[in-house]
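User: I've got a structure to look at and I'm new to this. Could you walk me through a few features?

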Amino acid sequence: MRITTWNVNSIKQRAGHLLAFLAEAKPDVVCLQELKCQDEAFPRAEVEEAGYRVETLGQKAYNGVALLVRAPLALAEIRRGLPGDEADIQARYIEGVVSGADVAPVRVASIYLPNGNPVASEKYPYKLGFLERLRRHARTLMRAETALVLAGDYNVIPEAEDAADPEAWRADALFLPQSRAAFRALLAEGLTDGLRACDPRAGVYTFWDYQAGCWPRNQGIRIDHLLLSPQAADRLVSASVQKHLRGLEKPSDHVPVTVELRDA
DNA sequence: ATGACTGGCCCTGCCAGA
């Protein structure tokens with residue numbers, strides 16, 4: 001089973017690239033972030049026509065997450081929002097269980113973690129609060145001792161080697177010691193960073209800013225992650241970054257990241 | 001040199017992203 005996470009930075013702008021990616025890569029599960037539209041504006045018919053089941057959690061203009069699952073795989077037990085988020089309108093979390101005839105089930109979440117800048121504003125504590133709610137929810141889910149993949153745009157640069165110019169990020173919400181500590185606390189629940197496990201080299205990036213020629217100069221950062229429970233990590237075959245999509249016309253500033261799990 | 005872009009909104013500069 002191949003599971004992809006991709007922050008598309010507006011699904012309306014990126015529908016063409018998404019459909020091309022589905023046709024070319026045929027991922028079994030796709031976790032999308034930054035839809036930037038309400039549920040009724042998601043290009044559901046086109047994605048279903050491409051052979052995928054669709055569950056979305058959208059909102060007007062900002063945020064928005066979705067799960068796509070390639071038929072005949074099933075998608076059940078959908079959860080929208082984290083426990084403790086009930087009064088929060090920010091559309092940043094959707095989860096479901098993927099299952100099929102010859103496939104051991106995998107619980108998958110699509111997560112759009114808050115950016116957290118500016119650090120002096122209320123946005124930074126909101127980011128840390130979200131990370132803590134996610135850690136608690138991960139702990140709950142992991143008690144089931146089944147395969148779990150928490151995938152998404154974490155807006156956290158875990159280590160200096162995950163940025164081309166770490167000094168430029170030193171005071172940024174993506175790289176502050178508190179952000180990195182909260183991310184490590186999540187990993188310490190027993191999760192494995194899937195891409196890191198398969199490719200421990202420095203300089204593997206998933207995001208390049210549109211500005212300042214970041215892409216041609218390869219001034220990237222690694223902030224899109226797939227975190228695996230032990231039962232999922234036992235099934236990990238490979239992980240890869242679909243970097244070529246950053247070179248297309250009108251690209252997202254993020255590229256897809258994919259892990260492949262054995263079926264059982 | 002320390003700039004540089006993109007998307008949504010609902011129409012015009014501004015907020016947000018990272």
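**Contacts with the strand, then the cysteines**

Analyst: Sure, let's start with one contact: a polar backbone atom of Tyr210 is 3.4 Å from a sugar or linking oxygen of DNA strand B. A polar contact here is a pair of N or O atoms within 3.5 Å. Keep in mind that this is a predicted model, where local features need pLDDT of at least 70 and side-chain atom pairs count only at pLDDT 80 or more, while totals for chains, interfaces and linings use all residues. Residues are numbered from 1 along each chain as its sequence is written, chains are lettered from A in the order in which they are written, and side-chain values use heavy atoms, without hydrogens and water.

User: Which base atom of DNA strand B does the side chain of Asn115 reach?

Analyst: A base nitrogen, 2.8 Å from a polar side-chain atom of Asn115. The side chain of Ser10, on the other hand, has an N or O atom 2.4 Å from a phosphate oxygen of the strand.

User: How much of the strand's part within 4 Å of the protein is sugar or phosphate?

Analyst: Sugar or phosphate makes up 72% of those atoms, and bases the rest.

User: Now the cysteines. How many disulfides are there?

Analyst: A disulfide is a covalent bond between the sulfur atoms of two cysteines. The rule asks for two cysteine sulfur atoms within 2.5 Å, and the count is zero. For Cys37, the nearest cysteine sulfur belongs to Cys31, 17 Å away.

User: Why is Cys198 not bonded to Cys31?

Analyst: Because their sulfurs are 16 Å apart, too far for a bond.

Terms used: Near = heavy atom within 4 Å. Polar contact = N/O pair within 3.5 Å; in protein donor to acceptor, adjacent residues only side chain to side chain.
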